[in-house]
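Here is a structure to explore together, one selection at a time. Please open it in your viewer and keep the sequence panel at hand.

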Amino acid sequence: MRDLFHNVPARRKFLRSERTEFDHLARTVLQLALARPETGLTLLHNGRNLWQLPAAGEQGHVERRLAILLGEDFLNHALHVRHRGTSCALTGWIAAPAFSRAQGDVQHLYVNGRWVRDKHLAHAVRHAYRDVLHHQRHPAYVLHLTLDPEDVDVNVHPAKHEIRLRDARQVHDFVARTLEEALAAVRPGSDAAHGIDHLPVQIAAPQQQADLALRIAEP
């Protein structure tokens with residue numbers, strides 16, 4: 001990386017500060033680490049080992065990776081979601097409303113393993129939180145949506161960060177409904193919420209309640 005611009009030195013003037021450029025690199029590594037937990041990754045910077053992420057096959061190991069990358073607090077408030085529809089499947093973690101953010105800095109959405117920005121899917125998540133989150137707060141989540149590749153147009157953005165869905169409305173409703181049911185399982189006053197109050201604050205309790213509420217069918 002030291003000689004990246006050896007043949008095109010004029011490009012150097014477009015570089016920002018070392019901190020800014022490293023933040024971009026770190027975010028790219030984070031996105032890859034969340035997309036492919038089965039792959040081990042190490043992030044080094046100026047001789048320091050910042051992230052040592054062993055390959056994670058089991059769910060517990062994946063959750064430890066989440067804690068390293070997104071913080072223990074996210075993990076402690078995370079609800080595990082796993083639901084399969086007729087034409088798509090949704091897995092991942094959404095944070096309980098108590099972990100809402102002032103900005104959307106902990107929002108990671110993957111479609112068929114690729115990190116994307118999609119206004120329809122982002123709206124579906126916001127819609128699911130509409131009754132439990134103040135409109136000025138932002139939800140936190142790591143979600144993986146799997147669709148038939150023929151239903152996704154990935155050639156919308158040069159960097160492949162945006163997509164076009166063949167049936168955006170159907171996918172929107174599937175995501176919103178799935179997350180609504182997961183959040184409903186831990187609302188105050190529900191049987192699930194009372195059960196969680198008497199358990200240690202960890203991912204296992206809300207995960208079990210969300211899985212039960214969604215009546216998940218194993219793949």
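This tour goes from the whole chain to its helices, then to its cores and a few loops.

**The whole chain**

Start with everything shown as a cartoon, and keep in mind that this is a predicted model. You should be able to find 7 helices and 9 strands in the chain. Colour by burial next: of the 219 residues, 38% count as buried. If you draw a contact map and keep pairs at least 6 apart in sequence, 62% of those contacts join residues at least 24 apart.

**Stop 1: helix H1**

Select residues 18-35, which form helix H1. From first C-alpha to last, this helix of 18 residues reaches 26 Å, close to the 26 Å expected at 1.5 Å a residue. Now show the side chains of Phe22, Ala26, Val29, Leu30, Gln31, Ala33, Leu34 and Ala35, the buried residues of H1. What covers the buried residues of H1? Turn on the surroundings and you will find that the cover includes strands S1, S2, S5, S6 and S7, along with helix H2.

**Stop 2: helix H2 and its pairing with H1**

Add residues 59-70 to get H2, a helix of 12 residues. Its ends, C-alpha to C-alpha, are 16 Å apart, close to the expected 16 Å. Buried here are Val62, Glu63, Arg65, Leu66, Ala67, Leu69 and Leu70, so pick out Glu63 and Arg65 among them if you like to look at charged side chains. Just after H2, click on Gly71, which takes a positive phi of about 105°.

Keep H1 and H2 on screen together. Their axes come within 10 Å and cross at roughly 165°. H1 and H2 are therefore roughly antiparallel to each other, and their crossing is left-handed. To see the contact itself, display Leu30, Ala33 and Leu34 of H1, which meet Arg65, Leu66, Leu69 and Leu70 of H2.

**Stop 3: helices H4 and H5**

Hide the first pair and select H4 (119-128) and H5 (168-184). How do the axes of H4 and H5 cross? They come within 8 Å of each other, at an angle of roughly 30°. That angle makes H4 roughly parallel to H5. The crossing of H4 and H5 is right-handed.

For the contact between them, show these two sets as sticks:

- On H4: His120, Leu121, His123, Ala124, Val125, His127 and Ala128.
- On H5: Ala168, Val171, His172, Val175, Ala176, Leu179, Glu180 and Leu183.

**Stop 4: the nonpolar cores**

Which members of the largest nonpolar core touch the most other members? Select Ile94, Leu121, Leu145, Val175 and Leu179, which hold that place among its 30 residues. The elements giving two or more residues to this core are strands S3 (78-84), S4 (88-95), S5 (107-111) and S7 (141-147), together with helices H4 and H5. H5 supplies the largest share, 8 residues.

Zoom in on Leu179 and expand the selection to its contacts. Leaving aside residues up to four places away in sequence, Leu179 touches Val81, Leu90, Ile94, Val125, Ala128 and Leu143. Apart from this core lies another, of 25 residues, with Trp51, Ala56, Tyr110 and Trp115 among them.

**Stop 5: two asparagines with positive phi**

Go to Asn46, in the loop between strand S1 (41-45) and strand S2 (48-53). Although Asn46 is not a glycine, its phi is positive, at about 50°. Is Asn46 buried or exposed? Its relative accessible area is 63%, and Asn46 is exposed.

Then move to Asn112, in the loop between S5 and strand S6 (114-115). Phi of Asn112 is near 55°, again a positive value in a residue other than glycine. Asn112 is partly exposed, with a relative accessible area of 32%.

**Last stop: Arg137**

Finish in the loop between H4 and S7, where Arg137 lies. Arg137 is partly exposed, and its relative accessible area is 31%. Draw a distance from its C-alpha to that of Gln103: the two residues are 34 apart in sequence and 6.9 Å apart in space. Now expand around Arg137 to see what it touches. Not counting residues up to four places away in sequence, Arg137 touches Ser100, Arg101, Ala102 and Arg126.

Note on methods. Residues numbered from 1 in each chain as written. Predicted model: local features only at pLDDT ≥ 70, side-chain atom pairs only at ≥ 80, totals over all residues. Heavy atoms only, no water. Core = buried A, V, L, I, M, F, W, Y, C linked by side-chain atoms within 4.5 Å. Buried < 20%, exposed > 50% of the residue type's maximum accessible area, 1.4 Å probe, protein only. Helix = DSSP H or I, 4+ residues; strand = E, 2+ residues; numbered from the N terminus. Contact = heavy atoms within 4.5 Å. Expected span 1.5 Å × (residues − 1). Axes fitted to C-alpha atoms, helices over the stretch in contact; angles between N-to-C directions. Parallel < 35°, antiparallel > 145°, perpendicular 65-115°, else oblique. Left-handed = near helix turned anticlockwise from the far one by under 90°.
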